[in-house]
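Student: I would like a close look at a single aromatic residue and its ring partners, followed by a connected account of the sheets and the enclosed spaces. Please proceed step by step.

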Amino acid sequence: MQDSIQETNYMINSLANRKEDLCPGRAIDFKQEINTFYFYCHNDVTLQVQVLTDRIFRFRYAADGNFLPDFSYGIDPAFKPVVPPLQFEESPEFYRISTSLVTCIIQKNGLITQMLDEAGNIILEDEKGYHWEYDLNTGNNIVKMSKRVQSMEHYYGLGDKSCNMNLRGRRLQNWGSDTYGYSRNSDPLYKNIPFYIGLHTKMAYGIFFDNSFRTFFDFAHERSNLTSFWAQGEEMNYYFIYGPGLVEVSEQYAHLTGRPEMPPMWALGYQQCKWSYYPEKTFKAIGQGFRERQIPCDALYLDIDYMDGFRCFTWNKEHFPDPKRMISELAADGFKTVVIIDPGIKIDKNYEVYQQGIQNDYYCRRGDGPYMKGSVWPGLCHFPDYTRQDVREWWAGLFKELIATDGVRGVWNDMNEPAVFEHGTFPDDVRFDYDGHACSHRKAHNVYGMQMARATYMGVKKFCYPNRPLVITRSGYSGVQRFSSTWTGDNVASWDHLWMANIQCQRLSISGMSFVGSDIGGFIETPTGELYIRWLQLGIFHAFCRTHSSGDHGDQEPWSFGDEYTQLAKKFIELRYQLLPYIYTAFWQYVTRGTPLLRPLPFLDQDDTETYHRMAEFGLGDLLLICPITQPEVDGRWLYLPRGPWYYFWDDTQATGGKEVWAEASLDRIPLYVRAGAVIPFYPVMQYVGETPLTELTLHVYYLQGSLTSLLYEDKGDGYDYEKGVCNEKNFLVIGTEAGLIISQDIKGVYEQTYATYKIILHGLPFMMETIEIDGELLTLDPVAEPDSELELTENQLPAISLRRDFKVLNIQGIASNAVEPGEKAMVYIELGLPISFVLNKLRGSIVS
């Protein structure tokens, strides 16, 4: 008996001692299976290394030699490894695995790893490397990884964090939380994106720590020479992604975790929301307010008050007696209706959705068996287990009436961290199926919102087909971008939150989630007219462009701040619609290549170390640079331009990058620059996408002495014909010399656009036009003598040329401006037959050159 007691005490003491860190021993053997390597230590620790591409390595550790079933919500099922040629060698002290780009060295003592580029430079290296601690309370291993900080290393990414862009010096965590009115540096927030990017010696890499437990990241916070990440359970399982470019790292991560399908183009239009628009008369009046004022808008939102007692998938028939008719009438005026759906299902025996969940056992249960109960807007609720396939299919089917019958075009998921009023989220003992890998809330919490968005996407896509779906989610895990767009949550109408919106949307974009925006103007409290306009100026450059506000804080429609601000709001929303073909093209690059829509300044020129410390400036697509005004009562700001020549959008002032410049920006401007050589497509202003057939596409061409290629992607803007190749990819090559400009077009695709012609508007020509040829044919240069001439002047006195949409080469040649005196210039213009007004304006400098 005494021996038994001693043995029991020994076991308890042994477990208690395991609060100390445990580490791998010495590797004594290895095994290779094509692109997968196993390294075995004398103390049973096993390291699995998978080479997925020439630049992506996966590292997976088993403390006792037994790996868990290989399952992940984060990895895109469509991702297929491309196994590169490999070299492997063993030496007395280490193993070496090499591709053409990266070498991985694994020390036999402690399985310490080091990643090198092809020249032998250190990309990333372990400090202590893999280690773990046994958690006596949960039975899990707390798995840890520590890396050395390289000289001058910067860190980016990690989703929606509200701190400075560079994460160095910070400790952060992922545990999706309902953070109403969060502040700068609040942590955790809504999203759970365990992916970061390191940058040093002008070389970038990424780490995706694929673990859905609560995860932590220390970027040289505790120790200045150490970066570490750890989780409260599961395996140490991470992916190393080599760039060396920052954009390349984001692209590779997006390929690994997935990219969305193309959204309907209307989803990139302006959207209006409030908690809450009701009854029907009020909701329709909002739409009428847009159309009467000729302010473009594509979508109107209904928050929880459209429901019957906040019961999901119901209508309050007192407020909305005939939703199908109402939605149809709004659709006839160009509006798409989007509704909110939360996860909580009200406990009500007379509520059909609740009954279905009970009858089929679809709700989450506590550890001892009873259903999870929590209070949200309807009162006490049960919550579906979206980590079950049958539950996702049931949930998807519930959208049939809303989408197929009533005509709703989009669904917005809220409160899905998951949030409950009693204590923030579910208790740890709540059980989940986790698609056959049963677990507790500790493991499922961070994927709950993602799996709800997935189920919602399944339903909306099924019932809106052949149209494309729109889903918006507040919470999510890596890979949620495959199913949904997102926004930055319950922000505040303050200048500080405007600053945060800029940083958060950039950070989410490089973290795989480019379909992102913020509540323009702030959700909580009421903005001033100035703050609303400055926020709108930023919001029109985000993929998800929506004003949203809390109903108890006043009105926040674009016309709510007086006539002056109404006209400014109209101006910037119209600019958004003019830029839609450019934004749609950038989105296509995201869908096909994984390229982030929003690119922080270092992503535009990582060879310029001056960009590393900047965070206000960002690129949208390949050709635009934006820097919002985030302070009141200012008429401009200093900003840093990436190297190369640029044009100020508002007046064509030219500037050279690689330095700070001052941008004049009173309230009717936002600092906006266009890269020289760019071809920027413009739509005419419409009140909603597809209001009228497009008869001519405007192309703004910005002169460059040199060459640059611009891209334009086109399809129907909805439906799935683009997946069958019914789309166009157009490349415009601009080549400029001192006295000439050539624009060539290469078209791939079979999509027939409605427009027949381009209007090409020329910016910044430094020479006097002498001849213009389109595919070898001379163009008439006298718009006065020849009314049908393809040459004209815009309101801003810029030369504009109309030509067929299928042209191949536009060749403009002239006389260099510095080669002739002003009087001679006038004679040349007059001899060309150009109108006197053209000549005078040219000589006065009205046409900026």
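Tutor: In this predicted model, F67 has a relative accessible area of 23% and is therefore partly exposed. A neighbouring case is Y38, which counts as buried because its relative accessibility is 15%, under the 20% limit for that class. Y38 and F67 form an edge-to-face aromatic pair, with 6.4 Å from centre to centre and 65 degrees between the planes. This pair links distant parts of the chain: Y38 belongs to strand 2 (residues 36-41), while F67 lies in the loop between strand 4 (56-62) and strand 5 (87-90), 29 residues apart. By the rule used for ring pairs, the count comes to 76 aromatic pairs. Another of them joins Y38 to Y40; that pair is stacked, at 6.4 Å centre to centre and with 10 degrees between the planes. Y40 counts as partly exposed because its relative accessibility is 25%.

The sheets come next. An open sheet of nine strands follows the order 31-30-28-25-21-20-19-33-32, with parallel pairing. Strand 31 (516-517) and strand 32 (519-520) stand at its edges; each has a single partner strand, so one side of each is left without a neighbour in the sheet. Within that order, strand 28 (residues 471-473) and strand 30 (residues 485-487) run parallel and are joined by two bridges. I472 has S485 in strand 30 as its bridge partner.

Strand 21 (336-341) also takes part in the packing of helix 6: the buried residues of that helix pack against strand 21, strand 22 (345-346), helix 5 (352-359) and helix 8 (441-464). The buried residues in question, from helix 6 (residues 389-397), are V391, R392, W394, W395 and A396.

As for enclosed space, the structure holds five cavities of 30 Å³ or more. The largest cavity contains about 140 Å³. It is lined by 15 residues, and those closest to its centre are P260, P469, F483, S484 and F515. Its lining divides into ten nonpolar, three polar and two charged residues.

Strand 42 leads on to the pockets. In a regular strand, side chains alternate between the two faces of the sheet. In strand 42 (residues 679-682), V679 and P681 point one way, I680 and F682 point the other way, and all are buried. Strand 42 runs antiparallel to strand 43, to which four bridges join it. F682 stands opposite T698 in strand 43.

The largest pocket has about 810 Å³ of space. F682 is again involved, for among the 27 lining residues the closest to the pocket centre are Q578, F649, F682, H700 and N796. Two or more lining residues come from each of helix 11 (563-578), strand 43 (696-702), strand 47 (757-763) and strand 50 (791-793). By class, the lining has twelve nonpolar, seven polar and eight charged residues.

The second largest pocket holds about 440 Å³. Its lining comprises 22 residues, of which M265, Y683, V689, G690 and K716 lie nearest its centre. These lining residues divide into twelve nonpolar, six polar and four charged.

Terms used. Residues numbered from 1 in each chain as written. Predicted model: local features only at pLDDT ≥ 70, side-chain atom pairs only at ≥ 80, totals over all residues. Heavy atoms only, no water. Buried < 20%, exposed > 50% of the residue type's maximum accessible area, 1.4 Å probe, protein only. Contact = heavy atoms within 4.5 Å. 1 Å grid on protein atoms, 1.4 Å probe; cavity = no way out; pocket = protein on both sides within 12 Å on 5 of 7 lines; lining within 4 Å. Points joined across faces, edges and corners; volume = space filled by probe spheres on them. Nonpolar A, V, L, I, M, F, W, Y, C, P; charged D, E, K, R; others polar. Pairing = 2+ DSSP bridges. Phe/Tyr/Trp six-rings, centres within 6.5 Å; stacked < 30°, edge-to-face > 60°.
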